[in-house]
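Please look over the structure shown here and follow the report below, which moves from charged side-chain pairs to backbone geometry and then to the chain as a whole.

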Amino acid sequence: MELPRYVDLLSKQGLLLRVAREVDCRLELGNIARECRSPVLFESLKGYPGWRIFTNGLCDGSLIGVALGLPPGATSNEIAQELRARKSSLIRPCLVTTGPVFENVETAGVDLTRLPIPHWSPLDGGRYLGTWHINITRDPENGSRNVGVYRMELLNSRQASVSTSPNSHLAIHVAKAEKMGRPLPMVVAIGVSETTMMAAAAGVSGVDELELAGALQGEPLRLVKCKTIELEVPADSEVVIEGFIRTAERVQDGPYLDYAGATNTNPNAFLFEATGLTYRNDPIFRGTSIGQPGAEDHQLFAALSDVGLVDFHGRPTKQRLQNF
């Protein structure tokens, strides 16, 4: 279920808060999102005409069932049963020639500051481009694909930091590319289906997360080839940013409010540089404000934990919090 359909479904079921008045993406939007604790669609953004922002899409455990297409009010046990049944039958993605994300294509003069990137929390050091999105790379040696969710802070009009654990699949890909003396292609997709987010956040070994996404949505995920790099991305994404990680460089990411509610800084984050930007007409930017109990990342990890799909790449503090 692509993101606009999910938002419409939430609206029809009376679960969506629409904010029609103009809202400032700097702090005001994050404050509202944290206070209301329900799915929110911001329909008028100060300085960004034509854009909308959706957040809190999975801020209640029952909403995971809605995203899976289950009847409203599904219990956590029913959701876990459905996740177990679906994850066992992987579905390979299919390649298509085009998709809604190519309604607007920019491959020259990319300017990421034109995107309505929120400054979510006063404890964050800046605007976070990637909070509820997917990062796609391929292993430089064997070509295997990795899809994950790695926090990204906007640095300037073309660059962003990418923060991840040293044991993550992305870090392994970067290390291999750095050893070869070349950059690592990476694509960032914002506003993918919530089932694709579930798959990207899951801890799976030896499995293509996009095949898991197909299993969770019950049909193949449709992919399109990127315009400036040799990768594929979900055709129904709202926003796609293509580019490279400059493997020989490191930058500071943060301070930022982390999953556990602590303010952290990563002085060894990767540096991403954009080479292309594509997005749908009437686009919806998807993000989330993390760092508070019961936030949507907690809800998602709780559901994944119920079916054995959580892996924090050796980070025991986060694992203990999730298992609490």
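## Salt bridges

In this predicted model, a search of the whole structure finds 20 salt bridges. One of them joins the side chains of Arg-21 and Glu-28, with an N to O distance of 2.9 Å. Both partners count as partly exposed, because the relative accessibility of Glu-28 is 26% and that of Arg-21 is 47%.

Asp-139 and Lys-176 form another salt bridge, in which the closest N and O atoms are 2.7 Å apart. Asp-139 belongs to the loop between β7 (133–138) and β8 (145–148), whereas Lys-176 belongs to helix α5 (residues 169–180), so this pair ties together parts that are 37 residues apart in sequence. Asp-139 has a relative accessibility of 7% and therefore counts as buried.

## A buried pair and a network

Arg-286 and Glu-296 also form a salt bridge, their closest N and O atoms lying 2.8 Å apart. Because Arg-286 is in strand β16 (residues 284–286) and Glu-296 is in helix α8 (residues 296–306), the pair ties together parts that are 10 residues apart in sequence. Arg-286 counts as buried at 1% relative accessibility, and Glu-296, likewise at 1%, counts as buried too. Elsewhere, Arg-138, Arg-145, Asp-208 and Glu-232 are joined into one network by salt bridges that share partners.

## Backbone geometry

The peptide bond that leads from Gly-254 to Pro-255 is cis, with an omega near 10 degrees. Pro-255 is placed in strand β14, which spans residues 239–257.

Two residues other than glycine can be described here for their positive phi values. Arg-37 has a phi near 55 degrees and is placed in the loop between α2 (28–36) and β2 (40–42); at 40% relative accessibility, Arg-37 counts as partly exposed. Asp-282, which is not a glycine either, has a positive phi of about 50 degrees and is placed in the loop between β15 (263–279) and β16. With a relative accessibility of 47%, Asp-282 counts as partly exposed.

## Fold and dimensions

The protein chain contains 9 helices and 16 strands. For a chain of 324 residues, a compact globule would have a radius of gyration near 20 Å, and the 18 Å found for the protein chain agrees with that expectation. Taken along the principal axes, the box filled by the C-alpha atoms is roughly 50 × 45 × 45 Å.

Among the contacts in the protein chain with a separation of 6 or more, 69% are accounted for by residues 24 or more positions apart. Of the 324 residues, 56% count as buried.

## Surface and charge

The protein chain exposes about 13,100 Å², and carbon and sulfur atoms supply 48% of this area. The chain carries 32 positive and 37 negative charges, and the mean positions of these two sets are 2 Å apart.

Key:
Residues are numbered from 1 along each chain as its sequence is written. This is a predicted model: local features need pLDDT of at least 70, side-chain atom pairs count only at pLDDT 80 or more; totals for chains, interfaces and linings use all residues. Side-chain values use heavy atoms; hydrogens and water are left out. Helices (H or I, at least four residues) and strands (E, at least two) are DSSP runs, numbered from the N terminus. The radius of gyration is taken over C-alpha atoms; the globule rule is 2.2 Å times the number of residues to the power 0.38. Buried means under 20% relative accessible area, exposed over 50%, partly exposed in between (1.4 Å probe, protein chains only). Contact means heavy atoms within 4.5 Å. Accessible areas come from the Shrake-Rupley method with a 1.4 Å probe; for residues, only the protein chains shown count as cover. Lys and Arg count as positive and Asp and Glu as negative; His and the chain ends are not counted. The place of a charge is taken as NZ of Lys, CZ of Arg, CG of Asp or CD of Glu. A salt bridge is a side-chain nitrogen of Lys or Arg within 4 Å of a carboxyl oxygen of Asp or Glu.
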